[in-house]
Amino acid sequence: MPRQDLIQADLPFLRSLRQDLHAHPELGFEEERTSGIVASLLEEAGLRVHRGLGKTGVVGTLQVGSGTRTIGLRADMDALAMPEQAERPYRSKIAGKMHACGHDGHTTLLLGAARHLAKNRNFSGTVHFIFQPAEEGRGGARKMVEDGLFDLFPCDAVYGLHNMPGLSTDEMAVTPGPQLASSDTWLVTFKGVGTHGAKPHLGKDPITASGHFLSALQTIVGRVVNPLEPAVVSACSVKAGDPRALNVIPDVAEIGGTARAYSAQVRDQLETEIERLARGVAVTFGIEVSYEFRRRIPPVINHADATARALKAARAVCGAKVLTDFEPSTAGDDFAFFGAAAPGAYVWLGNGPAVDGALHHNTAYDFNDEAIPTGVAFWVALVEQELAA
């Protein structure tokens, strides 16, 4: 039976599984139910299963034949701390939590591929199916690596996949180079001298200083960073004073935000320039300043050889419906830590049109089950081509 027919035969089960995962979302490092289902299904399919990396991570290993090449396939499992607003039969049963980024779909796709490959065994080599916790800002990939993921399960290449609304469900995008930006946070705290709002000359106003800092912040990208190098610096939080005391100039103003880049050089530059600007403003206004730059996630940069292999598999499944000039995203993904340990490629799977404008991290977002056959077929094709029998 052709590969696509075999996948279609499993589709009712996979669709039901995906909707069950959607209805029971779990946050990062809390994926006890999800990881239990994953481990159980992998064991039922005959894979060796290892649990506990990154606390709730699961790795299933399938070795067939005498091939010496080993690859890793990664799916993230966690949900987001936000309410689901859309009405659907499998709406989240957990208040304040939902799968708003399609990780329920990613988990389902990789399980579908594992079931198919374990049953048909049309390859020679080793596949590690890596089910990662806590992608959504909690550091799951880094924790798995620190716990020895690639010491226990070394890989010659590692691959990741993410759904993308706007592409049709029989369409993929595979491109070399940068895919996602670094994702870092920064915090600037101006400390002045509080005083009566009617007597500003008796204090040192951190709010006025903050205003100057904020208005100058975009000069970093606009006037300092090479205009041929993409970068983002955004202030996302400003806290100062109390709306119940509007005649008080406070002692402290706090500003926090995010910084994004596609290269290590620009990432370093953003860290340096935000601090330089903050300290310059503090000197100008005669106040104190503290600065913290937290490096969270490096950029995801696709390796040329791994990308070529992923492109071949995508074309085997989607034919001409594979984009090779898809623009990178300024979002981040900690798959970057996997790609730093082995040659990696991160690909995009179409999720259909954005229904009612609902994109990733929207309270109405949903993984499109029509994408399941394409996603499973891609993983299967990649393994069967990479590890040709």
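Lys-55 is located in the loop that joins strand E1 (48-51) to strand E2 (58-64), where strands (E, at least two residues) and helices (H or I, at least four) are DSSP runs numbered from the N terminus. Although Lys-55 is not a glycine, its phi is positive, at about 75 degrees. With a relative accessibility of 55%, Lys-55 counts as exposed, the classes being buried under 20% relative accessible area, exposed over 50% and partly exposed in between (1.4 Å probe, protein chains only). The model is predicted, so that local features need pLDDT of at least 70 and side-chain atom pairs count only at pLDDT 80 or more, whereas totals for chains, interfaces and linings use all residues. Residues are numbered from 1 along each chain as its sequence is written, and side-chain values use heavy atoms, with hydrogens and water left out.

A positive phi of about 65 degrees is also found at His-361, which is not a glycine. His-361 is placed in the loop between strand E16 (344-350) and helix H11, and its relative accessibility of 41% makes it partly exposed. A further loop residue, Ala-79, lies between strand E3 (70-76) and helix H3 (103-120), and is buried, with a relative accessible area of 4%. When neighbours within four places in sequence are set aside, Ala-79 is in contact (heavy atoms within 4.5 Å) with Pro-25, Glu-26, Leu-27, Met-98, His-99 and Glu-136. Between the C-alpha atoms of Ala-79 and Ala-114, which are 35 residues apart along the chain, the separation is 22 Å.

His-162, in strand E5 (residues 157-164), is buried, with a relative accessible area of 6%. Not counting residues up to four places away in sequence, the residues touched by His-162 include the histidines His-103, His-106 and His-360, together with Cys-101 and Asp-333. Tyr-346, Val-347, Trp-348 and Leu-349 are also among the residues that His-162 touches.

Helix packing was examined next. The axes of helix H9 (residues 304-318) and helix H11 (residues 372-386) come within 8 Å and cross at roughly 125 degrees, the axes being lines fitted to C-alpha atoms, for helices over the stretch in contact, and the angles running from 0 to 180 degrees between N-to-C directions. H9 and H11 are therefore oblique to each other, given that angles under 35 degrees count as roughly parallel, over 145 as roughly antiparallel, 65 to 115 as roughly perpendicular and the rest as oblique. H9 passes H11 in a right-handed crossing, a term that applies if the near helix is turned clockwise from the far one by less than a right angle, anticlockwise being left-handed. On the H9 side the contact includes Arg-309, Ala-310, Ala-313 and Val-317, and on the H11 side Ala-377, Phe-378, Ala-381 and Leu-382. By class, this contact of H9 with H11 comprises 10 nonpolar, 2 polar and 3 charged residues, where Ala, Val, Leu, Ile, Met, Phe, Trp, Tyr, Cys and Pro count as nonpolar, Asp, Glu, Lys and Arg as charged, and the others, Gly among them, as polar.

Helix H1 (residues 3-23) also packs with H11, at an angle of about 125 degrees and with the axes 9 Å apart, which makes H1 oblique to H11. The crossing of H1 and H11 is right-handed. Among the residues that meet are Gln-4, Ile-7 and Leu-11 in H1 and Val-376, Ala-377 and Val-380 in H11, and the contact of H1 with H11 divides into 9 nonpolar, 2 polar and 4 charged residues. Ala-377 of H11 is buried, with a relative accessible area of 0%. Beyond its neighbours within four places in sequence, Ala-377 is in contact with Arg-3, Gln-4, Ile-7 and Val-317. Ala-377 and Gln-4 are 373 residues apart in sequence, yet 6.9 Å apart in space, C-alpha to C-alpha.

The largest nonpolar core, a set of buried Ala, Val, Leu, Ile, Met, Phe, Trp, Tyr and Cys residues joined through side-chain atoms within 4.5 Å, has 55 residues, and Tyr-159, Phe-378 and Trp-379 are among those with the most contacts inside it. H11 gives the most to this core, with 9 residues. Outside its neighbours within four places in sequence, Tyr-159 is in contact with residues including Leu-73, Phe-335, Trp-379 and Leu-382. Another core, of 24 residues, lies apart from the largest and includes Trp-186, Leu-217, Ile-220 and Ile-274.
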